[in-house]
Amino acid sequence: MTLLFKTNNSHQLLSSTAMVMCSSFCPKLPSHFGARPFSSFPSRQPFPLCFKAFSAQASSAPLKGDGSSIRVGFLGMGIMGSPMAQNLIKAGCDVTVWNRTKSKCDPLISLGAQYKPSPEEVAAACDVTFAMLADPESALEVACGKHGAASGLGPGKGYVDVSTVDGDTSKLINGHVKATEASFLEAPVSGSKKPAEDGQLIFLTAGDKSLYETVAPYLDIMGKSRFYLGDVGNGAAMKLVVNMIMGSMMATFSEGLLLGEKVGLDPNVLVEVVSQGAISAPMYSLKGPSMIKSAYPTAFPLKHQQKDLRLALALAESVSQPTPIAAAANELYKVAKSHGLSDSDFSAVIEALKAKLQS
């Protein structure tokens, strides 16, 4: 693992192994472990950045100054929200949950969570409330609608939206939350079902810095790293750019698998070659074997990938940035949705290409 450190004059990259060796055996880094500045980095970041690496398993529930437990709310028990909330409960946090379909809360209740019948009641009962919803419309309704979380917020409380939404939606929720004199943090995550289960998510946060520092222990329980990106909207933008890249990568990978098969290459060998080369990405080795078998167990629903591409394209248009590759990928995901694959894993986009071959 490598860690990025910021000094007054430059960014420096050090091997974590070298750091351990140096701290254990010598007062000064040997020359071959010398830090090298990234000359291509600007001397000043466009927004503040904070990164922390840690072991999620070592994290535990934080306490208030008086020694009592901080009450944590969690809204949305879907494919991501449920395992995230479970990790909080297993770490000893005092968690209250809500979901439109109450039965999805039952596994959490069996682990010790409390239940409230509305987002408003969860927010009213808790010090900090997290929300993981499927799309901007749901995030806005749960936060600001009738009996929404904002109705239960007030001074001293915090609302953390970990949903993937556009910047405008995040800013709108921020406005409603701030009107109650509560604090707001957007914190969309990079990672899908398995990282959520394993507490290995990456949090892309922006908003109230004090709330960020307050909820950092909870982010550490649910994730492997966290970034603070400044003003509300930056977290949403970062997540959309990341998912735009991911969606385009999967579409291109699908093309490669089908082309390889068409010219007689063993697709399993192709996946192995790709996984060992410069373009290696965990996504290829994880998804490739199932894609070869035309199996798409859902870790990240295809409909959500297409939604994120749509939002990313709108973001690009708002700043007049051409994104022809992402636009082409988006059309493939739309075709896949039209073939009834919305709830399949986003790797099912390969079926859209198969359909084109047969047409």
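**Entry 1: a pocket shared by two domains**

I started with the second largest pocket, whose lining draws at least three residues from each of domain 1 (53-230) and domain 2 (238-352). A reminder to myself before going on: this is a predicted model.

How much space lies in the second largest pocket? I noted about 230 Å³. Next I looked up the lining and found 14 residues. Those nearest the centre of the pocket are Asp166, Gly167, Asp168, Leu315 and Ser318.

I also wanted to know which helices take part. At least two lining residues come from each of α6 (167-179), α9 (234-262) and α12 (302-318). Sorted by class, the lining of this pocket has seven nonpolar, four polar and three charged residues.

**Entry 2: the cavity**

Then I turned to enclosed space. I found one cavity of 30 Å³ or more in the structure, and about 50 Å³ of space lies in the largest cavity.

Which residues line the largest cavity? My list reads Asp161, Ser163, Thr164, Val165, Ser170, Phe184, Glu186, Pro188, Ala236 and Lys239. Two elements, β9 and α9, give two or more residues to this lining. By class, I wrote down four nonpolar, three polar and three charged residues for the largest cavity.

**Entry 3: Leu240 on α9**

Helix α9 had come up for both the pocket and the cavity, and I picked Leu240 from this helix for a visit. Is Leu240 buried or exposed? Leu240 counts as buried because its relative accessibility is 3%, and the cut-off for buried is under 20%.

Setting aside neighbours within four places in sequence, I found Leu240 in contact with Thr164, Val165, Asp166, Asp308, Leu311 and Ala312. One of these, Asp166, is also among the residues nearest the centre of the second largest pocket. Thr164 and Val165 are in the lining of the largest cavity.

I noted one distance here too. Ser190 and Leu240 are 50 residues apart in sequence, while their C-alpha atoms are 9.8 Å apart in space.

**Entry 4: two nonpolar cores**

A general thought to begin with: in soluble globular proteins, nonpolar side chains tend to be buried together.

Here I looked up the largest nonpolar core, which has 34 residues. Phe74, Met84 and Phe130 touch the most other members. The elements that each supply at least two residues of this core are β4 (71-75), α2 (81-90), β5 (94-98), β7 (128-131), β11 (201-207) and α8 (209-222). Which element gives the most to this core? I found α8 in that place, with seven residues.

I followed Phe130 outwards, leaving out residues up to four places away in sequence. Phe130 touches Val72, Gly73, Phe74, Leu75, Val160, Val162, Val215, Tyr218, Leu219 and Met222. There is also a second, separate core of 32 residues, and Leu258, Leu309, Leu313 and Phe346 are among them.

**Entry 5: some residues in loops**

Asp345 took me to the loop between α13 (324-338) and α14 (350-358). Asp345 has a relative accessible area of 1%, so I put it down as buried. Not counting residues up to four places away in sequence, Asp345 touches Lys287, Tyr296, Pro297, Thr298, Ala299, Phe300 and Leu302.

Ile70 lies in the loop between β3 (36-37) and β4. Ile70 counts as buried because its relative accessibility is 12%. From Ile70 to Cys93 I count 23 residues in sequence and 7.6 Å in space, C-alpha to C-alpha.

Next I looked at backbone angles. Glu181 is not a glycine, yet has a positive phi of about 70°. Glu181 sits in the loop between α6 and β9 (183-186), and at 60% relative accessibility this residue counts as exposed.

Ser320 is not a glycine either, and has a positive phi of about 55°. Where does Ser320 lie? I found Ser320 in the loop between α12 and α13. With a relative accessibility of 66%, Ser320 counts as exposed.

**Entry 6: stepping back**

Last, I looked at the whole chain. How many helices and strands are there? I noted 14 helices and 12 strands. The chain has 359 residues, and 46% of them count as buried. Among contacts with a separation of 6 or more, 66% are between residues 24 or more positions apart.

Terms used: Residues are numbered from 1 along each chain as its sequence is written. This is a predicted model: local features need pLDDT of at least 70, side-chain atom pairs count only at pLDDT 80 or more; totals for chains, interfaces and linings use all residues. Side-chain values use heavy atoms; hydrogens and water are left out. On a 1 Å grid over the protein atoms alone, a cavity is a set of points where a 1.4 Å probe fits but cannot get out, and a pocket is an open set with protein on both sides within 12 Å along at least five of seven lines; lining residues have an atom within 4 Å of a point. Grid points are joined across faces, edges and corners, and a volume is the space filled by probe spheres set on the points. Helices (H or I, at least four residues) and strands (E, at least two) are DSSP runs, numbered from the N terminus. Ala, Val, Leu, Ile, Met, Phe, Trp, Tyr, Cys and Pro count as nonpolar, Asp, Glu, Lys and Arg as charged, and the others, Gly among them, as polar. Domain bounds come from an automatic or database domain assignment. Buried means under 20% relative accessible area, exposed over 50%, partly exposed in between (1.4 Å probe, protein chains only). Contact means heavy atoms within 4.5 Å. A nonpolar core is a set of buried Ala, Val, Leu, Ile, Met, Phe, Trp, Tyr and Cys residues joined through side-chain atoms within 4.5 Å.
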